[in-house]
Structures are given as C-alpha cells and as structure tokens.
Amino acid sequence: MMQLELDHIIPEPLKGRVGQQDSEVWNCRQTITPGETVFLRAPSGKGKSTFMHILYGLRGDYEGKAFWDGKEIGKLGDSQWAALRSRELSIVFQDLRLFGDLSVAENLEIKQSLTHTVTMDQARAWLQLLGLEGKWEQKAETLSYGERQRVAIVRCLLQPFQWLLLDEPFSHLDDENAGRAAKLIWQQVQVNKAGMLVVDLEHNDWFPYTRKMLL
Ligand SMILES: Nc1ncnc2c1ncn2[C@@H]1O[C@H](COP(=O)(O)OP(=O)(O)OP(=O)(O)O)[C@@H](O)[C@H]1O
C-alpha cells in the first residue's frame, strides 16, 4: 500500500512566502498513510494546484523531497510514472484537462481503454447518475464547466487507484450534484480500498475525513 511522505518541500514560486504561514505541508515533515481521507484547506494562491501537480509528477521545481511508497518522487522515470498513473494515482485537475474536441464518450473511452477496469456501460451509467444522460455524444468543449467537472469525475473512476487526488472537484456544482458525485466517489474509494486527498478553498464535509490540514 502506498504511503505518502513529505520532507520539507517548498515549491520555487512559493520560496520566501513559505515560513510566514502555518502550513502543514510546505517545509514540513508529514506522513500520510494508505487509506486516509485527507482534506487540505488551501486559500487561493497558497499552492494547491502546485501540490497536486508535484504529487502527480508534473513538476519538479521544488526543494525538499517527497516519496510515494518510499520512492523519491523527483527520481521516478517516465515508465514508473506511467505505471503509477494507470494503477495507483487518479486525479481530477482543477482545470479538468478533458480533450475539448472529443466527445464525452471518447474522453471516457481513452481512460477506460487503458485499464479496462470498468465497462463503458458502467461509465455511461455513472454519467447518468450524475445527471448527464443525453451528453454522451457531445463535444466536451461545448459542455458547461459544471458538466465537464462531472465528466472528469467519472473519468477518474475508470481506472484502479490507491490514491484519489481531487483539486476543487465540486467548485462548479450545486449541492445536489456535488452530493451525488461525492456519493459515487466515496463508493469507488471504498471499492478500491483507497485513500483520498481533497484540496479546496474552504472546509467541506462531503467525505468522512480522517484528517484536515492547512496548506
Ligand atoms: N510556474 C510558475 N512560475 C511562477 N509562479 C508560479 C508557477 N506556478 C505557480 N506559481 C505561483 O505559485 C502560487 C501558487 O500557485 P497555484 O496554482 O498552486 O495556486 P493555487 O493555490 O492552486 O491557487 P488557486 O486556488 O487560485 O488556483 C501562485 O502565486 C502562482 O502564481
């Protein structure tokens, strides 16, 4: 099971600013154990997305060290990242990163075809559960942001994972839709016996968090 360890990481852009704040992430030692459900409150500009991108291996401009499962994140190679991202780590980016010129179905198929963890029928049923029946063939770029957010949520569930990384996942959803999405996500977190790291601007209680931290 994958443990996350942080050893005094400070992103380059935040250098100088870290230290004046009481962060429980930056420039700290932290161990986040498998299966934890961690909420990270991060006021705008404190490096919420930067943190998610570091954990997902998209940026290496930081001091200190972080480890997935004892392996230093900054030293993992492309094939190790590919394996991690297809089996261990799944993510909803703040900017979602759907393929705008592809349909909803195609966006989901790309993920589904990598691991065949769930069937496309299942993916479609989840999309319907989140109120997007009728959007299957529509190009992602023509959806509202809240609709795209729900597509990105379904997409993150179409692979196995030990950790789910969610960056403001419900920012454009009303409470009813956020509630439905949270229920679906939580079910699949339990199916996968996974942990979650949820970052958001303000506290929320969408999930039964085991720990709340400040970025
Ligand atoms: N590549 C970069 N070059 C320079 N500055 C950067 C870079 N990436 C991030 N920053 C700065 O680091 C800070 C944190 O950025 P980040 O995108 O992580 O913010 P955030 O906490 O996710 O904020 P928001 O909630 O507003 O999206 C910001 O001040 C941003 O301008």
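Which residues are around the ligand? In this predicted model, where local features need pLDDT of at least 70, side-chain atom pairs count only at pLDDT 80 or more, and totals for chains, interfaces and linings use all residues, they are P13, L14, A42, S44, G45, K46, G47, K48, S49, T50 and Q94. Residues are numbered from 1 along each chain as its sequence is written. A residue is near a molecule if its C-beta atom, placed from the backbone, lies within 6 Å of it. By class, this shell has three nonpolar, six polar and two charged residues, where Ala, Val, Leu, Ile, Met, Phe, Trp, Tyr, Cys and Pro count as nonpolar, Asp, Glu, Lys and Arg as charged, and the others, Gly among them, as polar.

The protein as a whole has six helices and nine strands, where helices (H or I, at least four residues) and strands (E, at least two) are DSSP runs numbered from the N terminus. Its radius of gyration is 17 Å, close to the 17 Å that the globule rule gives for 215 residues, so the protein is as compact as a globular protein of that length; the radius is taken over C-alpha atoms, and the rule is 2.2 Å times the number of residues to the power 0.38. Along the principal axes, the C-alpha atoms fill a box of roughly 50 × 35 × 30 Å. Two residues are in contact if their C-beta atoms, placed from the backbone, lie within 7 Å, and among contacts between residues at least 6 apart in sequence, 78% join residues at least 24 apart.

Buried residues make up 37% of the 215 residues; a residue is buried if 20 or more other C-beta atoms lie within 10 Å of its own, exposed if 12 or fewer, and partly exposed in between, with C-beta atoms placed from the backbone. The largest nonpolar core, a set of buried Ala, Val, Leu, Ile, Met, Phe, Trp, Tyr and Cys residues joined through C-beta atoms within 7 Å, has 58 residues, of which L40, V154, W163, L164, L165, A181 and L197 touch the most other members. Helix α5 gives the most to this core, with five residues. Leaving aside its neighbours within four places in sequence, L164 is in contact with S90, C156, V189, A194 and M196.

Back at the ligand, S44 lies in the loop between β3 (37-41) and α1 (48-55), and S44 counts as exposed because it has 6 C-beta neighbours inside 10 Å. Helix α1 is, by contrast, mostly covered, with six of its eight residues buried, namely K48, T50, F51, M52, H53 and I54. These buried residues pack against β1 (4-11), β4 (62-68), β6 (89-92), β7 (163-167) and β8 (195-200).

In helix α3 (residues 104-115), V104, N107, L108 and Q112 are buried. They cover an arc of only 125° around the axis, which puts them on the same side of α3; the arc is that of the directions from the helix axis to the C-beta atoms. What covers these buried residues includes α4 (120-129) and α5 (145-156).

Most residues other than glycine have a negative phi. H116, in the loop between α3 and α4, nevertheless has a positive phi of about 50°, and with 10 C-beta neighbours inside 10 Å it counts as exposed. H8, in strand β1, has a positive phi of about 55° although it is not a glycine, and H8 is partly exposed, with 15 other C-beta atoms within 10 Å.
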